[in-house]
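Reader: I would like to go through this model and ask what stands behind each label. Please set the values against the cut-offs as you answer.

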Amino acid sequence: MNTSTPTVSLLRQRIIEDMRLRKLSEKTQSHYIRAVRRLAAFLGRSPDTATAEDLRNFQLYLVDHGVSPISLNAAITGLKFFFDVTLDRGQLMARMQPVKLPKTLPVVLSREEVARLIAAAGNLKHQTALSVAYATGLRASEVVALRVGDIDSQRMTLRVEQGKGHKDRYAMLPPVLLERLRVWWRVARRQGKMLDGGWLFPGMNPIDHLSTRQLNRAIHLAADTAQIDKRVSLHTLRHSFATHLLEQKVDIRVIQALLGHKKLETTAHYTQVANNLLQDVISPIETLKAS
């Protein structure tokens, strides 16, 4: 027992170093560590002793215990990093293949529902953060990572630094949103909640920014208060942003750039839920002549 503990600790330290070398996000690192830890618990021994058959049995175990396709693929990705990079034994992962994810349509709120949702948020900080998410289409992690200096009122843009994929980009800054940000800035400064050049949405301690978990909790409470029956998360506002722009006939490549999508196909997914596009289509039955 005493001999295995140092081995596991060294393995953990090694994979953490490998992830740091590649500058993986804290969230990704946490997911990878969780996958390796879960494998070790399944095996009852150090994960570096796993065989290809062990890994196959582990995937069967996850499937039989109702693990979702997304979580299953996340575990496989984490283990692939562990065996391929940390252990240099990538061939063991040959029998662990990711599963195809079911294609589902995104949940989209109407404009009236978005207004009710934002108004129902518990305080001005949350109302403003939700306004940013909807007005710009930013991801939750990108919203909470905004700093006061990222607001450019001259060019009417928001700088998104190191968003998904470690890429910088600019988001739109509508005049209505700029005014809401100014109101929030004045209130937060007066209350001593915002530091010079600090986070746009600070946490309880102004040194830290609001966490994505706190923001998601806020939107769930707001959805309950607004009596919105749809399954709502911060990403729902991103879906709604893209869909509403499509309904306004904004070019899909412009929307792709605003969302920070690599592939146009990802953005094109929203054409399936844009209500106005569906309404503009004339069904063949409308062209039939009565006999």
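**Labels and the values behind them**

Author: Leu60 is a residue of helix α3, which covers residues 52-64. The model is predicted.

Reader: Why is Leu60 called partly exposed?

Author: The relative accessible area of Leu60 is 39%. Buried requires under 20% and exposed requires over 50%. Leu60 meets neither condition, so partly exposed is the label.

Reader: How far apart are Leu60 and Met96 in sequence and in space?

Author: In sequence they are 36 residues apart, and their C-alpha atoms are 9.7 Å apart.

Reader: What makes up the protein chain in terms of helices and strands?

Author: The protein chain has 13 helices and three strands. It has 291 residues, of which 39% count as buried. About 17,400 Å² is exposed, and carbon and sulfur atoms supply 54% of that area. Of the contacts between residues at least 6 apart in sequence, 58% join residues at least 24 apart.

Reader: Why are α2 and α4 called roughly perpendicular?

Author: The axes of α2 (residues 26-43) and α4 (residues 69-86) cross at roughly 85° and come within 8 Å. The range for roughly perpendicular is 65 to 115 degrees. The crossing angle falls in that range, and therefore the two helices are described that way.

Reader: Which residues of α2 and α4 meet?

Author: From α2 there are Tyr32, Ala35, Val36 and Leu39. From α4 there are Ala75, Thr77, Gly78, Leu79, Phe81, Phe82 and Phe83. Sorted by class, the contact of α2 with α4 has nine nonpolar residues, two polar ones and no charged ones.

Reader: How do you know that the length of α4 agrees with its number of residues?

Author: α4 has 18 residues, and at 1.5 Å a residue the expected span is 26 Å. The C-alpha atoms at its ends are 25 Å apart, which agrees. Buried residues of α4 include Leu72, Asn73, Ile76 and Thr86. Ala75, Gly78, Leu79, Phe81, Phe82 and Phe83 are also buried. After α4 comes Asp88, with a positive phi near 55°.

Reader: What does the same check give for α8?

Author: Helix α8 (residues 175-190) has 16 residues and should span 22 Å. Its end C-alpha atoms are 23 Å apart, so the two values agree. The buried residues in α8 are Leu177, Leu178, Leu181, Trp184, Val187 and Ala188. Gly192 follows α8 and has a positive phi, near 75°.

Reader: What makes the phi of Met156 worth a remark?

Author: Most residues other than glycine have a negative phi. Met156 is not a glycine, yet its phi is positive, about 55°. Met156 sits in the loop between β1 (151-152) and β2. Its relative accessible area is 25%, so Met156 is partly exposed.

Reader: How is Gln227 placed, and what is its phi?

Author: Gln227 belongs to the loop between α9 (212-225) and α10 (234-247). Its phi is near 55°, again positive in a residue other than glycine.

Reader: Why does Gln227 count as exposed?

Author: Exposed means over 50%. Gln227 has 66% relative accessibility, so it counts as exposed.

Reader: Why is Thr157 called buried?

Author: The cut-off for buried is under 20%. Thr157 has a relative accessible area of 12%, so the label applies. Thr157 is in strand β2 (residues 157-163). Neighbours within four places in sequence aside, Thr157 is in contact with Asp150, Ile151, Asp152, Tyr170, Ala171 and Leu173.

Reader: How do you know that His126 is buried?

Author: His126 has 15% relative accessibility, so it counts as buried. It lies in helix α6 (residues 124-136). Apart from neighbours within four places in sequence, His126 is in contact with Ala121, Leu210 and Ala218.

Reader: Is Lys263 buried or exposed, and why?

Author: Lys263 has 53% relative accessibility, so Lys263 counts as exposed. Lys263 lies in the loop between α11 (252-259) and α12 (264-268). Lys263 and Arg253 are ten residues apart in sequence, with 9.8 Å between their C-alpha atoms.

Methods. Residues are numbered from 1 along each chain as its sequence is written. This is a predicted model: local features need pLDDT of at least 70, side-chain atom pairs count only at pLDDT 80 or more; totals for chains, interfaces and linings use all residues. Side-chain values use heavy atoms; hydrogens and water are left out. Helices (H or I, at least four residues) and strands (E, at least two) are DSSP runs, numbered from the N terminus. Buried means under 20% relative accessible area, exposed over 50%, partly exposed in between (1.4 Å probe, protein chains only). Contact means heavy atoms within 4.5 Å. Accessible areas come from the Shrake-Rupley method with a 1.4 Å probe; for residues, only the protein chains shown count as cover. Axes are lines fitted to C-alpha atoms, for helices over the stretch in contact, and angles run from 0 to 180 degrees between N-to-C directions. Angles under 35 degrees count as roughly parallel, over 145 as roughly antiparallel, 65 to 115 as roughly perpendicular and the rest as oblique. Ala, Val, Leu, Ile, Met, Phe, Trp, Tyr, Cys and Pro count as nonpolar, Asp, Glu, Lys and Arg as charged, and the others, Gly among them, as polar. The expected span of a helix is 1.5 Å times one less than its number of residues.
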